[in-house]
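Me: I would like to go through this structure slowly, asking for the reason behind each label. Could you set each value against its cut-off before you conclude?

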2 protein chains.
Amino acid sequence: MSKEASLKFHMNLGMMIRSAHNSMTERFVQNVFKSGLDISMDQWLVLGPIWQLESPSQKDLGEICLRDKPTITRIIDSLEEKSLVVRVSDQIDHRINRVILTNAGKQLFYDVLPIMEKTREEVRGDIPEEEIEIFKNVLSKILKNLNS
Amino acid sequence: MSKEASLKFHMNLGMMIRSAHNSMTERFVQNVFKSGLDISMDQWLVLGPIWQLESPSQKDLGEICLRDKPTITRIIDSLEEKSLVVRVSDQIDHRINRVILTNAGKQLFYDVLPIMEKTREEVRGDIPEEEIEIFKNVLSKILKNLNS
DNA sequence: ATTTTTTAGTTGCAGATGCAACTAAAAAAA
DNA sequence: TTTTTTTAGTTGCATCTGCAACTAAAAAAT
């Protein structure tokens, strides 16, 4: 293998993907901080589905957010400490915790939503919509390739 | 904002990017393990540029690999423990460490190269080359958007 | 020539991550 | 009905990460 081929090879997806993810998270956290609010990216990414699904189980959240069980447990712990959500044991299946938003949680969600939107615009810049679509598409294909 | 718009919003880039990155790393590690070799993704991603650049400084490696200084320090520590690289203080500027591959390091590099190639093929599957190109392009645009 | 600033790298710390082992409860098998 | 297996969630541990504070050396300013 030539050095050139290798160079191209090494400067590729893995490093860029990790770095892009880090930068996006960092920017979001900065924007949240500038708005005087207090929520981490992880907490936010879980908060949305909770709002949306009304009272998902932790398993549901793990599947949607693509996180493992312990991670969800800890994120919900942290949200509960902040009184943004509560765990309610399912009436029928006592193994299941239903996670529901408190009023404070809903309020924070609505407050952060425009910040997320702003961050998203900063991330996208002037990248054409169709390229973003292909980008997402490739991502989901990669996920499918690796989980089958 | 409608629930539908929000759903789309929440199921988007951040989670997918992180998950794709994790899956790729995991697959690489599995493939390496199956080949009876022993190197982590992080170590590998640094090893390549060392091989390529002959004797980069740690700063060079950080810039190429998009990692911060402490991370590079620790990865080089781990590579040095395995006797895959050595640090050599720069003759002229004594602040700089030049990192160079040992023979064992070179050997491992050559051994892992085909495994990386295989992993890359698994990741790509049958995604068309032009989509991969756009994908990489969007990634670098995102990085540029966030670091300017 | 001396002091100040900048640069390269290291160390310590606090928080996140994934894995494996665990508990408790429900479902399936016997 | 009792036992076994599966499922949902938690805890512990070892590792990784990024940030801030630090050391040592070089460059710039005085």
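Me: What makes up the surface near DNA strand C, in terms of nonpolar, polar and charged residues?

Reply: In this predicted model, the residues of that surface divide into four nonpolar, seven polar and eleven charged. Of the 22 residues around DNA strand C, those that come nearest are A:Arg67, B:Gln58, B:Lys59, B:Thr73 and B:Arg74. Sugar and phosphate account for 63% of the strand's atoms that come within 4 Å of the protein.

Me: How do you know that A:His94, B:Asn22 and B:Asn97 make polar contacts with DNA strand C?

Reply: The cut-off for such a contact is a pair of N or O atoms within 3.5 Å. A backbone N or O atom of A:His94 lies 3.0 Å from a phosphate oxygen of DNA strand C, and a backbone N or O atom of B:Asn97 also lies 3.0 Å from a phosphate oxygen of that strand. For B:Asn22 the atom is a polar one of the side chain, 3.2 Å from a phosphate oxygen. Each of these distances is within 3.5 Å, so each pair counts as a polar contact.

Me: Which element gives the most to the surface near DNA strand C?

Reply: That element is α5(B), with four residues.

Me: What can be said in the same way about DNA strand D, and which residues are closest to it?

Reply: DNA strand D is surrounded by 22 residues, and the closest are A:Gln58, A:Lys59, A:Lys69, A:Thr73 and A:Arg74. Sugar and phosphate make up 61% of the atoms of DNA strand D that come within 4 Å of the protein. The surface near DNA strand D has four nonpolar, seven polar and eleven charged residues, and α5(A) gives the most to it, with four residues.

Me: What makes the approach of A:Gln58, A:Lys59 and B:Arg67 to DNA strand D a set of polar contacts?

Reply: An N or O atom in the side chain of A:Gln58 is 2.5 Å from a phosphate oxygen of DNA strand D, and a polar backbone atom of A:Lys59 is 2.5 Å from a phosphate oxygen of the strand. From chain B, an N or O atom in the side chain of B:Arg67 is 3.2 Å from a phosphate oxygen of DNA strand D. These values are within the limit of 3.5 Å, so the pairs are polar contacts.

Me: Why is the pair of A:Phe109 and A:Tyr110 called edge-to-face?

Reply: Rings pair when their centres lie within 6.5 Å, and planes over 60 degrees apart count as edge-to-face. The ring centres of A:Phe109 and A:Tyr110 are 5.7 Å apart and the planes stand at 70°, so the pair is edge-to-face. Both residues belong to one aromatic cluster with A:Phe28, A:Trp44 and A:Trp51.

Me: Why is A:Phe109 called buried, and what is A:Tyr110 called?

Reply: Buried means under 20% relative accessible area, exposed means over 50%, and partly exposed lies in between. A:Phe109 has 0%, so A:Phe109 is buried. A:Tyr110 has 43%, so A:Tyr110 is partly exposed.

Me: Why is the pair of A:Phe135 and B:Phe135 called stacked, and why does the pair join two chains?

Reply: The two rings are 4.7 Å centre to centre with 15° between the planes; because planes under 30 degrees apart count as stacked, the pair is called stacked. A:Phe135 lies in helix α7 of chain A and B:Phe135 in helix α7 of chain B, so the pair joins two chains. Both A:Phe135 and B:Phe135 are buried.

Me: How do you know that B:Arg27 counts as buried, and which side chain does B:Arg27 contact?

Reply: The relative accessibility of B:Arg27 is 17%, so B:Arg27 falls under the 20% limit and counts as buried. B:Arg27 lies in helix α2 of chain B, and a polar contact of 2.9 Å joins its side chain to that of B:Glu122.

Me: What makes the phi of A:Glu54 and of B:Ser83 worth a remark?

Reply: Most residues other than glycine have a negative phi. A:Glu54, however, has a positive phi near 75°, and B:Ser83 has a positive phi of about 60° although it is not a glycine. A:Glu54 is found in the loop between α3 and α4 of chain A, whereas B:Ser83 is found in the loop between α5 and β1 of chain B.

Me: Are A:Glu54 and B:Ser83 exposed or partly exposed?

Reply: A:Glu54 has a relative accessible area of 53%, which is over 50%, so A:Glu54 is exposed. B:Ser83 has 45%, so B:Ser83 is partly exposed.

Definitions and conventions. Residues numbered from 1 in each chain as written. Chains lettered and ligands numbered in written order. Predicted model: local features only at pLDDT ≥ 70, side-chain atom pairs only at ≥ 80, totals over all residues. Heavy atoms only, no water. Near = heavy atom within 4 Å. Polar contact = N/O pair within 3.5 Å; in protein donor to acceptor, adjacent residues only side chain to side chain. Nonpolar A, V, L, I, M, F, W, Y, C, P; charged D, E, K, R; others polar. Phe/Tyr/Trp six-rings, centres within 6.5 Å; stacked < 30°, edge-to-face > 60°. Buried < 20%, exposed > 50% of the residue type's maximum accessible area, 1.4 Å probe, protein only.
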